[in-house]
Amino acid sequence: MLLVRERALHLTYGEFSSKFAACTRDAPFLRDPIVIEAEPGDAPDPALIDAGDADVLGWAHNETSTGVMVPVTRPATPTARWC
């Protein structure tokens, strides 16, 4: 089973979350990901994100490179899986 079937939406706010977004961007069999970036020390709230046509919403719970922690919550879009 693949983690991303067609397209991912990434919340990026540090090194680890940016690397995950880069992996899906470089995969030739996936559509370009949607990437929502935040300034260092801040992060978007996953519960408020509408994933649109993305089938996965990915973010880091604990981004150690920036010291940001984001709670594990369900996305606003019920059809998107989250990881």
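Here are four short exercises, with worked solutions, on a predicted model of a protein chain.

**Exercise 1. Getting an overview**

Find how many helices and strands the chain has, and in what order they run.

*Solution.* Start by counting: the secondary structure consists of one helix and six strands. Next, follow the elements from the N terminus, which gives β-α-β-β-β-β-β. To round off the overview, look at the surface and the interior. The accessible surface is about 5000 Å², and carbon and sulfur atoms account for 56% of that. Of the 83 residues in the chain, 39% are buried.

**Exercise 2. A histidine and a threonine**

Work out whether His 10 and Thr 24 are buried or exposed, and which contact joins their side chains.

*Solution.* First place the two residues: His 10 sits in strand 1 (residues 8-12), while Thr 24 belongs to helix 1 (residues 15-26). Now check accessibility, where buried means under 20% relative accessible area. His 10 has a relative accessibility of 0%, so His 10 is buried. Thr 24 has a relative accessible area of 5%, so Thr 24 is buried too. Then look between the side chains: a polar contact of 2.7 Å links His 10 and Thr 24. Finally, survey the surroundings, setting aside residues up to four places away in sequence. His 10 is in contact with residues including Phe 20, Pro 33, Val 35 and Gly 58. Thr 24 touches several residues, among them Val 4, Leu 30, Arg 31 and Pro 33.

**Exercise 3. The nonpolar cores**

Identify the largest nonpolar core and see what one of its members, Val 68, touches.

*Solution.* Begin with the general idea: in soluble globular proteins, nonpolar side chains tend to be buried together. In this chain the largest nonpolar core has 11 residues, including Leu 9, Tyr 13, Ile 49, Trp 59 and Val 68. Zoom in on Val 68: leaving out residues up to four places away in sequence, Val 68 touches Tyr 13, Gly 41, Asp 42, Ala 43, His 61, Asn 62 and Glu 63. Apart from the largest core lies another one, of five residues, among them Val 4, Ala 8, Leu 30 and Val 56.

**Exercise 4. How far to trust the model**

Decide in which elements confidence is highest and lowest.

*Solution.* Take the whole chain to begin with: the average pLDDT is 85, and 87% of the residues score at least 70. Then go element by element. Confidence is highest in strand 2 (residues 34-37), at a mean of 93, and lowest in strand 6 (residues 81-82), at 56. As a rule of reading, where pLDDT is low, the predicted coordinates should not be read in detail.

Key: Residues are numbered from 1 along each chain as its sequence is written. This is a predicted model: local features need pLDDT of at least 70, side-chain atom pairs count only at pLDDT 80 or more; totals for chains, interfaces and linings use all residues. Side-chain values use heavy atoms; hydrogens and water are left out. Helices (H or I, at least four residues) and strands (E, at least two) are DSSP runs, numbered from the N terminus. Buried means under 20% relative accessible area, exposed over 50%, partly exposed in between (1.4 Å probe, protein chains only). A polar contact is a pair of N or O atoms within 3.5 Å; within protein, one must be able to donate a hydrogen and the other to accept it, and residues adjacent in sequence count only if both atoms are side-chain atoms. Contact means heavy atoms within 4.5 Å. Accessible areas come from the Shrake-Rupley method with a 1.4 Å probe; for residues, only the protein chains shown count as cover. A nonpolar core is a set of buried Ala, Val, Leu, Ile, Met, Phe, Trp, Tyr and Cys residues joined through side-chain atoms within 4.5 Å. pLDDT is the predictor's confidence in each residue, from 0 to 100.
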